[in-house]
Amino acid sequence: MKYDLIIKGAEVATAADVTRTDIGVIDGRIATIGLDLGNADQTIVATGLYALPGGVDSHVHISQPAGPNVKMADDFESATRSAAFGGNTTVLPFCLPEDHQNLREAVDAYHAKATGNCHIDVSFHLIVNRTDPQTLGQHLPALLEAGHTSFKVFMTYPGMRLTDREILDVMAVAKKHGAMVMVHAENEDAIEFLREGAELDGKTGPYYHAATRPVPVEREATHRAISLAEIAGVPLTIVHVSNGEALDEIRRARVRGSRVHAETCPQYLTLTADDLDRSGFEGAKYVCSPPPRDEENQVACWKGLEQGDFELYSSDHCPFIFASPEGKQTDGAEQCFRHIPNGIPGVETRLPLLFSEGVNKGRIDLRRFVALTSTNHAKLYGLYPKKGTIAIGSDADIVLWDPKLNKTISQDILHHGSDYTPWEGFNVTGWPVTTILRGKVVVDNGILQDDSRHGVHLNRNLPGKPV
Ligand code: URP
Ligand code: ZN
Ligand code: ZN
């Protein structure tokens, strides 16, 4: 057999095994896994490296409308470039309809923005921010059937949050079609109550973003979201879980027999609310929702990863420029925390942070690392086994990982559109050196290859169903 590409000498890791073997690729797919494969047009010698399934980051925000005069720092080109450098080969961004758009028009607009601009593959989740009969009766079912098989609802953010009744109505559509509902669980009324109180007291700095979204705000909403899903009879995914009490709600629900999936993110493992209290306006760099908590909750989230309570570890990449009136400083550096756009960049640092803090420190093994960063995302969102594993017939989406490469994370070495990283100065060991999408090298030893915009949009199967 003549291969297009052979990867030779790596330790090949999947969610199930770690094996010293070679990989032969034909027409963008894995054709053979074994030794002595013979000839290929291109051979990559990867001795001393791991070959891992390309990262699948199922929670990113790209070019998403973020309010009047606010602009996200990444378009599809820069976000997927940054993701590729971070060892990812697929990202799942959210498609949010603007006021003048229905869901169908929003999806069309996202396709127009993404087409021809992606260095890796993408697949859109939908955001359901209104529940009129046309959205729930026509657009949502049609889009689900067409392969957009998951959507997010918000219990917070003015203008985006849905009421409990609306969430139930959306869940009923998910039940009919077998789709996955993702929930942002924070209680908006409680937040607004606390926000108004803080403002009256003149507590307006970035830290009060965290102080007005305390753990009970998330714990209560997590419990309510799960209860609504039980009432509607659907599985759900609680995204960006930040603390132990919300996780306890999830554990309890599972004991009851609820089908609840859970995701956490690097910010809840490595940052704390103290980061929002940095001097000047620096804290704005860490404003995201839910906010980072404290060390006790970091430990709880690590435990959740170690014990398998979290199936997903995503970035929630949502980048803004710090030094810009279109970014974190919409009204200047003195503005109230209420007006700071929520979100932080992180698609490029997701894998190195988990590898270094998780695998190297003995909290999780390499197979769980692969499951948390790739395989489980592909399985849950209907992309497996095309994506998320190294197996015969799967897309040849492979990252070559140097487990010994030491880096100090800094804005200078990253490739996103933001002007900062929340992990500036953070030291990690283990870094992706080469990223391969469907058999084509996108990033080669830290260099983006010419003509690398081969990423396509992937229509997905229903959650858990193989593609
Ligand atoms: O602060 C965050 N997480 N921004 C992104 C939007 C979201 O809620 O996921
Ligand atoms: Zn969210
Ligand atoms: Zn998000």
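This report walks through the metal sites, the main pocket, a mixed sheet, a covered helix and some unusual backbone spots of a predicted model.

## The two zinc ions

Let's start with the metals. The zinc ion (ligand 3) is held by His59 (NE2), His61 (NE2) and Asp316 (OD), at 2.0 Å. Along the chain, those donor residues follow the spacing H-x1-H-x254-D. The arrangement around the zinc ion (ligand 3) is tetrahedral, because its 4 donor atoms subtend angles of 91 to 125 degrees. If you look at the two histidines, histidine 59 and histidine 61 are both buried.

The zinc ion (ligand 2) sits 3.9 Å from the zinc ion (ligand 3). Its coordination comes from Lys152 (NZ), His184 (ND1) and His240 (NE2), at 2.1 to 2.2 Å. Here the donor spacing in sequence reads K-x31-H-x55-H. Lysine 152 belongs to strand β12 (residues 150-154), while histidine 240 is in the loop between β14 (236-238) and α8 (244-256), so this pair ties together parts that are 88 residues apart in sequence. Both lysine 152 and histidine 240 are buried.

## The largest pocket

Next up is the empty space. Rolling a probe the size of a water molecule over the atoms shows where such space is left. In this model the largest pocket holds about 1,000 Å³. Its lining is made of 42 residues, and the ones closest to the centre are Ala66, Gly67, Tyr157, Pro158 and Met160. The elements that contribute two or more residues to this lining are β12 and α5 (188-200). Strand β12 has come up already: lysine 152, a donor to the zinc ion (ligand 2), lies in that strand.

If you care about the chemistry of the wall, the lining splits by class into 16 nonpolar, 17 polar and 9 charged residues.

## A seven-stranded sheet

Now for the strands. Strands of a sheet pair through backbone hydrogen bonds, either parallel or antiparallel. One open sheet here has 7 strands, in the order β3-β2-β7-β17-β18-β19-β20, and its pairing is mixed. The edges belong to β3 (18-20) and β20 (447-448); each has a single partner strand, so one side of each is left without a neighbour in the sheet.

Strand β18 (residues 427-437) is worth a closer look. It is largely enclosed by the rest of the structure, because 9 of its 11 residues are buried. On one flank, strand β17 (residues 398-408) pairs with β18 in the antiparallel sense over 8 bridges, and isoleucine 398 has isoleucine 436 of β18 as its bridge partner. Strand β19 (residues 440-444) also runs antiparallel to β18, joined by 4 bridges. Within that pairing, threonine 435 faces valine 443 in β19, and leucine 437 has lysine 440 of β19 as its bridge partner.

The hairpin of β18 and β19 has 2 residues between the strands, and arginine 438 takes a positive phi near 45 degrees there. At 24% relative accessibility, arginine 438 counts as partly exposed.

## A covered helix

Helix α11 (residues 350-359) is mostly covered, with 10 of its 10 residues buried. That list takes in Leu351, Leu353, Leu354 and Phe355, among them, but also Arg350 and Glu357.

## Backbone oddities

Most residues other than glycine have a negative phi, and most peptide bonds are trans. A few spots in this model go the other way. Besides arginine 438, which has its positive phi although it is not a glycine, there is aspartate 27: not a glycine either, yet with a positive phi of about 50 degrees. Aspartate 27 is in the loop between β4 (22-26) and β5 (29-34), and at 67% relative accessibility it counts as exposed.

As for peptide bonds, the one from serine 289 to proline 290 is cis, with omega near -10 degrees. Proline 290 is in the loop between α9 (267-270) and α10 (295-306). Another cis bond joins tyrosine 384 and proline 385, with omega at about 5 degrees. Proline 385 is in the loop between α12 (366-380) and β17, and β17 is a strand of the sheet described above.

How values were computed:
Residues numbered from 1 in each chain as written. Chains lettered and ligands numbered in written order. Predicted model: local features only at pLDDT ≥ 70, side-chain atom pairs only at ≥ 80, totals over all residues. Heavy atoms only, no water. Donors = N, O, S within 2.8 Å, 3.2 Å for Na, K, Ca; no water. Tetrahedral: all angles 85-135°; square planar, octahedral: opposite > 155°, others 65-115°. Buried < 20%, exposed > 50% of the residue type's maximum accessible area, 1.4 Å probe, protein only. 1 Å grid on protein atoms, 1.4 Å probe; cavity = no way out; pocket = protein on both sides within 12 Å on 5 of 7 lines; lining within 4 Å. Points joined across faces, edges and corners; volume = space filled by probe spheres on them. Nonpolar A, V, L, I, M, F, W, Y, C, P; charged D, E, K, R; others polar. Pairing = 2+ DSSP bridges.
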